[in-house]
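Thanks, everyone. Please have the sequence and the structure open while I talk.

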Amino acid sequence: MIKALAGISPQIKQYLIITGNYWAFTLTDGALRMLVVLYFHQLGYSPINIAMLFVFYEVFGVITNLIGGWLGARWGLNKTMNIGLGMQIVALMMLTVPADMLTVVYVMIAQALSGIAKDLNKMSAKSAIKLLVPKGSVGSNNKLYQWVAVLTGSKNALKGVGFFLGGVLLTTFGFKGAIQLMAVMLLFVWMWSLFSLKAELGKAKNKPKFTEIFSKSSSINLLSAARLFLFGARDVWFVVALPVFLATTFNWDHWWVGGFMASWVIGYGMVQSIAPRFTGQTPSPRSAALWAGYLAVIPVLIAIALHYQFYVQFSIIVGLLIFGGLFAINSSLHSYLIVSFASSDGVSMDVGFYYMANAMGRLIGTVLSGWVFQVYGLEMCLWISALFISISALIALKLKN
């Protein structure tokens, strides 16, 4: 790997190292999520209890993005990225204890550590791209969007592989064996990353004060609010409700559930990678409202199909695929806009604040996914999804072109 990187420019080399680091982390993160959902559903946990396992994961994601951006600006993004990798290894090892110790509270604590790790890693990777594209160069905005799209899309494709891997590993090695295997793999990546990432990457010239963690930019604040509702709309039916629905209503086993969720996320990631082809190379900020409007229609149509029992399995599978494609374009467009809006000096502060809103949306969506599904069913989850997307579109309309 090191020899292969020797003949290319320093910017490309760092981009590839960051992307590889992010890929490895994402693979274990996706597998861990599917392992936890399927294993604890297998143990007889209710949808609400399964959702609760992820609450600390999302809560600490909110906190981490807010504080992590500040830490990245002070310490450098190489340090925050490697700290995230190290913490994920610890979180995985916490789950290798005997089964009778895996209480809801204990798993919530392990997931909290994993949530901190994930968002340190993600914030660092997304922030670093802003610094690696030469500012003011010809086509720099086009290149920025392309690099963001490739990083985000490839990450989600690998997260989908992780979903499938989680189902396969659970069936093949059991919960503990699967976790141990992932921890060992990530340990090797972490050791490589410690010696490969450039020191001081993303470190602000003037060390920011802690009181500066909240963004003063109206564009970033609006985009962050739109992102909150956008990701809440996805997770309100995707995190707990959908996999449990597939397992109980369609009687799919772990392989089928993991494989289908994996295929969806892989396709989602592939569309993210080519999003500039759909939105244009330099889309206007308000185009986020247009694409959110397209997306809002899909959960409404699926909910109506469920209500009238219209080819339910076909409607959910096809509807989910269309939703995934449109959501991928929305997500990639948002990711480009935040990196574009962010200040180059201390970029992680702006990106961290934005992904704090992203994590808050996931938190709200995760809790609602378990509670609403258990009390009202998947149909209500879909109506809430459509409402959240509509709110996101209305907020995005206020962005200045």
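One term before we start. A residue is called buried when its relative accessible area is under 20%, exposed when it is over 50%, and partly exposed in between. With that in hand, buried residues make up 60% of the 401 residues in this chain. Please keep in mind that this is a predicted model.

Now the overall layout. The chain has 15 helices and zero strands. Next, the contacts between residues at least 6 apart in sequence. Of these, 87% join residues at least 24 apart. The exposed area comes to about 15,700 Å². Carbon and sulfur atoms supply 69% of that area.

Let's go inside. How many residues does the largest nonpolar core have? It has 125. Five residues have the most contacts inside this core: Phe-40, Phe-175, Trp-237, Ile-316 and Leu-378. Take Phe-40. Leaving aside neighbours within four places in sequence, Phe-40 is in contact with Tyr-45, Ile-50, Leu-53, Leu-102, Val-107 and Phe-175. Phe-175 is itself on the list of five.

Stay in that stretch of sequence and look at Leu-38. Leu-38 is found in helix H2, residues 10–42. Its relative accessibility is 2%, so Leu-38 counts as buried. What does Leu-38 touch, beyond residues up to four places away in sequence? The partners are Gly-167, Leu-170, His-254 and Val-257. There is a backbone approach here too. The C-alpha atoms of Leu-38 and Gly-166 are separated by 8.8 Å, with their positions 128 residues apart along the chain.

Another buried position is Ser-219. Ser-219 sits in helix H8, which covers residues 218–238. Why does Ser-219 count as buried? Because its relative accessibility is 19%, and the cut-off for buried is under 20%. Again not counting residues up to four places away, Ser-219 touches Phe-341 and Leu-399.

On to charges. Side chains of opposite charge can pair when their charged atoms come close. How many salt bridges does a search of the whole structure find? Two.

One of them joins Asp-119 and Arg-362, with the closest N and O atoms 3.3 Å apart. This pair links distant parts of the chain. Asp-119 is in helix H6, residues 104–132. Arg-362 is in helix H14, residues 347–376. They are 243 residues apart. Are these two residues buried or exposed? Asp-119 has a relative accessible area of 1%, so Asp-119 is buried. Arg-362 has 4%, so Arg-362 is buried as well.

The other salt bridge is between the side chains of Asp-235 and Arg-234, at 2.7 Å from N to O. Asp-235 and Arg-234 are both buried.

Now the outside. Please find the nonpolar patch on the surface. Its members have about 1,300 Å² of accessible area together. Among them are Val-297, Leu-301, Tyr-311, Trp-371, Val-375 and Trp-383. Which helices each supply at least two residues of the patch? The answer is H12, H14 and helix H15, residues 378–396. Val-375 is found in helix H14. Its relative accessible area is 45%, so Val-375 is partly exposed.

Close by in our tour is the loop between H12 and helix H13, residues 312–341; Gln-309 lies there. Tyr-311 has its place in the loop between H12 and H13 too. Check the backbone here. Phi of Gln-309 is near 50 degrees, a positive value in a residue other than glycine. Phi of Tyr-311 is near 40 degrees, also positive in a residue other than glycine. Gln-309 is exposed, because its relative accessible area is 58%. Tyr-311 is exposed too, because its value is 60%. And Tyr-311 belongs to the nonpolar patch we just saw.

Last stop: Gln-281. Where is Gln-281 found? In the loop between helix H11, residues 275–279, and helix H12, residues 287–307. At 31% relative accessibility, Gln-281 counts as partly exposed. The C-alpha atoms of Gln-281 and Lys-143 are separated by 8.6 Å. Along the chain, those two residues are 138 apart.

To wrap up, three things to take away. The chain is built with 15 helices and zero strands. Its largest nonpolar core has 125 residues. And the search of the whole structure finds two salt bridges. Thank you.

Notes: Residues numbered from 1 in each chain as written. Predicted model: local features only at pLDDT ≥ 70, side-chain atom pairs only at ≥ 80, totals over all residues. Heavy atoms only, no water. Helix = DSSP H or I, 4+ residues; strand = E, 2+ residues; numbered from the N terminus. Buried < 20%, exposed > 50% of the residue type's maximum accessible area, 1.4 Å probe, protein only. Contact = heavy atoms within 4.5 Å. Salt bridge = Lys/Arg side-chain N within 4 Å of Asp/Glu carboxyl O. Areas by Shrake-Rupley, 256 points an atom, 1.4 Å probe, with all protein chains shown as cover. Core = buried A, V, L, I, M, F, W, Y, C linked by side-chain atoms within 4.5 Å. Patch = residues over 30% accessible without salt bridge, like charges linked within 9 Å, V, L, I, M, F, W, Y side chains within 5 Å.
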